[in-house]
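Colleague: I'm new to this, so could I ask how you back up the words you use for a model?
Modeller: Sure, let's bring it up and go through a few.

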Amino acid sequence: MALHLNLLHEQISEQRQRQRDPLKIGVMILVGIGALLFLYYGWNAYRTLAIKAKLSAIERDWSKVEPKVTAAEKRSAELNGIVKTTAVLDDYIEHRFFWGPFLEKLARCVAPNIQLTSVEGNVFEDKGVIVTIEGVAAAREPRSAAEDLRQMLSEQLSQGGYADVKVEFKALDDLDTIANVGGQSVAMAHYILSVTFQPEAAKGTPTQPRTPKR
Amino acid sequence: MSQVRLSKDQIQKVALTLVGFVILIYVYFSFFLGPLNRSRNAMLATIADKQSKLDSSQENLAKTAKLEQQAKAATGRFAAFKALSPEGAPIAWFPPRMKSFFANQQIDKATARLENSVAFKQPELANWMKYVWLIDIPQADYGRLGKAIAELENLEPLLAITKLSIRFSGEQPEFQQVVLSATTVIPKQ
């Protein structure tokens, strides 16, 4: 067997030592991991850029539509407000009490021997309408004439569509004064009638609002 | 099997490498991948939001167009209600209007004065005010007054008479003294 002499033993040993340097190996591993991480980051960055491009396109579309949508939303809110306000105003108009028909009914009840001296009426949201009628009646039986007025008024108002009609005397007194009705001297009575009713059952005929002349 | 024995110097280098690895991971996730992911997630959320807005925008536009059609009658009525009240303070135009109205009904000397004005509690009428007026008619024939009141109630839909007082006038029995308390609904100026 031939004898081999290794004259470079020290150099080879040093070289092996250098190759086994943990710092060098570690740095190489770190560089490898770093490269992988960089690639992963690059992939993510690419995806993010694609998303950003998509976002830009959507924002461009949105910027075209947004003014229309904002205007539509504003108009929609305005229209809803108008509809609600109109509904409330319509309700207000429908729930008004119309004095015209009431005064007409009252006029129908007044016979020639009856005189009204005062009519005081109030509309209450909760109690309905309260009217106080004061006047004088002249007849042979003046109290009977006043009672006729009371009954006729009650009948007229009930037929007129008002609800819960109550016509009551608050006062009915004979007067000393004598009146001349149709050439006959007749006695007189003073009366005060309290009229209460609910106007809900009867409605006037509200017209469409007309634009006033300016 | 040969056992690798590390010298003290080598152990230090391995430890240094591990520290370097930890720092690399920390820097990578904290300063690179983390912000990138956050930014991407934020963009995805914005895209979802904008996309839903875009999807609903067509629906909203269609709804508004439909509402515009449906509310045509209401907008017409609303405009008519507003047109009932001229520009300017109501106290400047309402009393002359009442005076001329009753004069046209052949009832002279009618005067109107403002008793009070209040805002409505309903949010729907936030832009409207309630005015209470006292209309004084010193001399009126009952029949003519009744017709005038009926005409007024029909002509002024936003006017409601809440109090009525008709009194016999002693000197001229054919005429009555009348006081009306009327409430009007007028847009805020």
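Colleague: How do you know that the length of helix H1 of chain B agrees with what a helix should span?
Modeller: This is a predicted model, so we just check its geometry. H1(B) covers residues 8-70, which is 63 residues. At 1.5 Å a residue they should span 93 Å, and the end C-alpha atoms sit 89 Å apart, so the two agree.

Colleague: Where is the kink in H1(B) centred?
Modeller: On Phe29(B), with a kink of about 40°.

Colleague: Why is Gln106(B) called exposed?
Modeller: Exposed needs 12 or fewer other C-beta atoms within 10 Å. Gln106(B) has 11, so it counts as exposed. You'll find it in the loop between helix H3 (90-104) and strand S1 (111-119) of chain B.

Colleague: And what makes Lys109(B) exposed?
Modeller: Lys109(B) has 12 C-beta neighbours inside 10 Å, so it counts too. Lys109(B) is also in the loop between H3 and S1 of chain B.

Colleague: What is the phi of Gln106(B)?
Modeller: Positive, about 65°, although Gln106(B) isn't a glycine. Lys109(B), not a glycine either, has a positive phi of about 65°. Most residues other than glycine have a negative phi.

Colleague: Which residues touch the most other members of the largest nonpolar core?
Modeller: Ala137(A) and Ile135(B), out of 60 residues in that core. Strand S2 (residues 128-139) of chain A gives the most to this core, seven residues. Ala137(A) touches, among others, Ile114(A), Leu149(A) and Met188(A).

Terms used
Residues numbered from 1 in each chain as written. Chains lettered and ligands numbered in written order. Predicted model: local features only at pLDDT ≥ 70, side-chain atom pairs only at ≥ 80, totals over all residues. Helix = DSSP H or I, 4+ residues; strand = E, 2+ residues; numbered from the N terminus. Buried ≥ 20, exposed ≤ 12 C-beta atoms within 10 Å, placed from the backbone. Expected span 1.5 Å × (residues − 1). Bend = angle between axes of the 7 residues up to and from the residue. Core = buried A, V, L, I, M, F, W, Y, C linked by C-beta atoms within 7 Å. Contact = placed C-beta atoms within 7 Å. Lists of a residue's contacts leave out its neighbours within four places in sequence.
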